[in-house]
Amino acid sequence: QVLYDAFFGKPLKTDRRNFLNSINATSSCTILVEPCKKHEGRRVDGTCANPKYPSRGGTRTPLLRMLPASYGLGNTLRTSLNGSELPSTRLLRTKLLSDGYPTDHNFNSLGAHLGVFSFIDSVDLNVLFRFILVSDCCIGNTPNRVNPLCISIPVAADDPYLRRTGIRCMNLTRQDTFQERGCVSNTIPAERYNLPTPLLDLSVVYGFTNERERQIREYKDGLLKSEKRNGLDYPPGNGTICDEIGANLLPGIYLSAMWFFRKHNHLARELAEINPCWTDQELFETARYINIAEWQHMFYYEIMAEFLGRKNALSTGIIHDTQGYVNDFDEHYEPGVYHEYVVGSRWFHTFQDGRMDLYSNKGEYLGTRPASDNGLRSGVLEVNNTEADLTQGAFRQPSHKFDYVIEPDMAERVAGDLQTALDVSAADISRGRDQGLPPYNQYRKLCGLPYAHKFEDFHDVIFPDKVEQMRRIYNDVNDVDLMAAIYSEKLIDGGFVGPTLFCIIVQNMLQWRKSDRHFFEHGDTPTALTLPQLNEIRKSSTARLLCDNGDRVHEIQPRAILNPGPGNEIRSCKEIPSVDLTKWTDDRCFHKDDKQNREEYTQHQNTAYQLWESYNYDKK
Ligand code: HEM
């Protein structure tokens with residue numbers, strides 16, 4: 001094992017080790033990496049996703065940047081060009097977006113649930129625990145400017161929604177950084193300290209450390225530890241999937257995490273029937289491999305293809321129209337997630353409804369629950385059929401519309417009763433500053449839009465009324481925040497994001513598929529899927545995910561994240577294509593003398609791990 005410097009991504013040198021030891025920061029600032037092996041599958045701890053950068057892809061990988069960071073002195077927030085503080089993000093939010101309840105005619109809440117789940121797969125939201133549970137960033141209703149961790153948001157006295165409440169300040173703290181952990185000094189641009197593996201690998205379900213893997217595995221038949229309750233698999237105990245990184249955080253996350261958790265065990269059980277000679281390790285690794293491959297397929301080919309527009313997604317190479325492999329692994333791409341992606345994608349808050357509707361499986365509306373009061377409460381799933389009713393609601397309730405209107409709960413009380421007021425979109429703009437994103441104008445250049453010299457130059461992609469608000473609020477065209485612009489840009493043809501966010505999402509999704517040797521469409525690694533297997537994975541869908549793993553889902557529409565209706569009618573799950581796992585049949589389990597064969601395998605149980613490492617499917 002080699003000890004890597006988590007920040008720099010290189011093996012730790014002696015002087016650096018001595019330094020970290022001296023400040024007691026070795027465990028926070030380093031990561032242990034087993035040497036990368038050619039024939040191994042994806043590691044739970046994420047390391048060796050790209051052997052050129054062994055530690056990247058693991059926990060504590062700093063986020064990537066599309067453009068160099070922009071901070072003030074000592075990593076304070078950047079200021080306007082004239083040196084003054086940038087405008088209140090709450091002011092910007094209320095001038096650029098309004099509160100309201102429009103519903104979307106295309107998408108339903110399932111799209112929002114799986115969307116938010118995808119983000120928690122690569123970044124943690126631990127910053128919330130900092131300021132929502134304990135924070136003194138609004139002292140007596142005034143922003144605390146003394147504590148450098150505070151970046152609370154001032155609320156204007158004439159705020160259109162909060163003016164009668166007397167609230168003049170919203171709590172917000174800075175992200176945890178490598179600087180704060182003592183790993184590097186403040187002379188280096190601040191970098192966020194992130195815990196989950198930064199690739200799309202279901203770390204919400206499997207964890208991101210070997211210790212966590214040991215805790216959650218049954219070590220029998222490839223299963224994750226579970227208890228059967230009401231005929232369904234639940235994680236043992238209090239029902240929390242992976243409390244280490246906040247699977248419990250939001251309803252959309254804990255519902256989705258539950259589906260993928262169950263899916264693992266379904267896969268393991270089915271594979272064990274198909275291949276009775278397989279060891280626990282082979283069953284676990286293969287079930288996990290298929291689970292992640294299906295998730296990557298759903299995310300790229302269904303969720304993002306719908307959000308960005310299929311034609312647009314095809315033209316940029318994030319998805320491909322092929323029945324063959326897509327061998328685009330490129331060792332020069334470093335595994336990681338971009339700051340710009342996790343800030344910019346907060347645009348999707350606009351399509352999050354504040355209410356989660358409950359429906360019966362006959363499609364009758366039963367009631368609703370405020371989404372923001374259901375954070376950290378996955379326990380509700382098992383009370384009074386809540387999980388079944390929320391699952392029906394997920395694919396029957398239209399989402400909030402993709403537009404410039406934010407649902408009032410998201411806009412004023414996104415933390416429920418834990419804060420007097422919190423506006424998620426204002427926090428989104430603040431986060432861009434906190435994470436050191438340079439102004440919008442620089443991203444225009446990066447994304448092929450003309451550099452703007454005056455506010456009117458934004459008219460090419462932003463509505464004039466919003467540009468006018470920006471002109472009144474900002475001092476300079478080069479002060480405008482990326483996130484304020486993302487919340488204002490017109491949508492691209494065929495997609496539901498503006499051009500700059502489109503460019504950012506594409507770059508991030510290319511980075512993920514090219515930097516990850518285990519990406520499901522790659523055929524040139526020893527553990528790759530065979531072509532027949534790959535083409536089975538391509539049949540996976542969010543509809544099938546719910547049919548197999550949702551609580552009492554017997555009917556669903558085939559394009560499950562879109563509202564049911566003509567051409568997408570709700571139908572029996574029997575009509576939804578599924579992945580045929582017999583493509584994973586291992587001939588070694590079915591020799592003439594099956595009994596003798598099984599005994600041979602039992603003898604090998606103790607060396608199961610080595611067996612897996614050398615295991616290689618025949619490419620058919
Ligand atoms: C009930 C639903 C939701 C609630 C209550 C919620 C709330 C929040 C909050 C409070 C934050 C952190 C704000 C901060 O920076 O301090 C956040 C971050 C974020 N949210 Fe949501 N959100 C919801 C749904 C969604 C959806 C549907 C998506 C996308 C499809 C999404 C994407 C994100 C992203 C990308 C971040 C940044 C993650 C990070 O940097 O760690 N959220 N959300």
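Student: What is the make-up, by class, of the lining of the second largest cavity?

Tutor: Three nonpolar, five polar and three charged residues (Ala, Val, Leu, Ile, Met, Phe, Trp, Tyr, Cys and Pro count as nonpolar, Asp, Glu, Lys and Arg as charged, and the others, Gly among them, as polar). Keep in mind that this is a predicted model: local features need pLDDT of at least 70 and side-chain atom pairs 80 or more, while totals for chains, interfaces and linings use all residues. Residues are numbered from 1 along each chain as its sequence is written, and side-chain values use heavy atoms, with hydrogens and water left out.

Student: Which residues line the second largest cavity?

Tutor: S109, H113, Q352, D353, R355, M356, D357, L390, G393, A394 and Q397; a lining residue has an atom within 4 Å of a point on the 1 Å grid over the protein atoms alone. Two or more of them come from each of α4, β11 and α12 (386-396), where helices (H or I, at least four residues) and strands (E, at least two) are DSSP runs numbered from the N terminus.

Student: What makes a space a cavity and not a pocket?

Tutor: In a cavity a 1.4 Å probe fits but cannot get out, whereas a pocket is an open set with protein on both sides within 12 Å along at least five of seven lines. Six cavities here reach 30 Å³ or more. About 80 Å³ lies in the largest cavity, with R42, E285 and H518 among its lining residues, and about 50 Å³ in the second largest.

Student: And how much space lies in the largest pocket?

Tutor: About 1,100 Å³. Its lining counts 49 residues, with L125, L128, L250, H349 and V414 nearest the centre. By class, that lining has 31 nonpolar, ten polar and eight charged residues.

Student: What makes H349 a donor of the iron atom of the ligand?

Tutor: A donor is an N, O or S atom within 2.8 Å of the metal (3.2 Å for Na, K and Ca). NE2 of H349 sits at 2.1 Å, so this atom qualifies, and H349 is the only protein donor. You'll find H349 in the loop between α11 (339-344) and β11 (355-359).

Student: Why are α8 and α20 called roughly perpendicular?

Tutor: Their axes, lines fitted to C-alpha atoms over the stretch in contact, come within 9 Å and cross at roughly 75°. Angles of 65 to 115 degrees count as roughly perpendicular, so the label fits α8 and α20. W259, F260, R262, K263 and H266 of α8 meet L545, L546, D548 and N549 of α20, contact being heavy atoms within 4.5 Å. Those contact residues divide into four nonpolar, two polar and three charged.

Technical notes: Points joined across faces, edges and corners; volume = space filled by probe spheres on them. Axes fitted to C-alpha atoms, helices over the stretch in contact; angles between N-to-C directions. Parallel < 35°, antiparallel > 145°, perpendicular 65-115°, else oblique.
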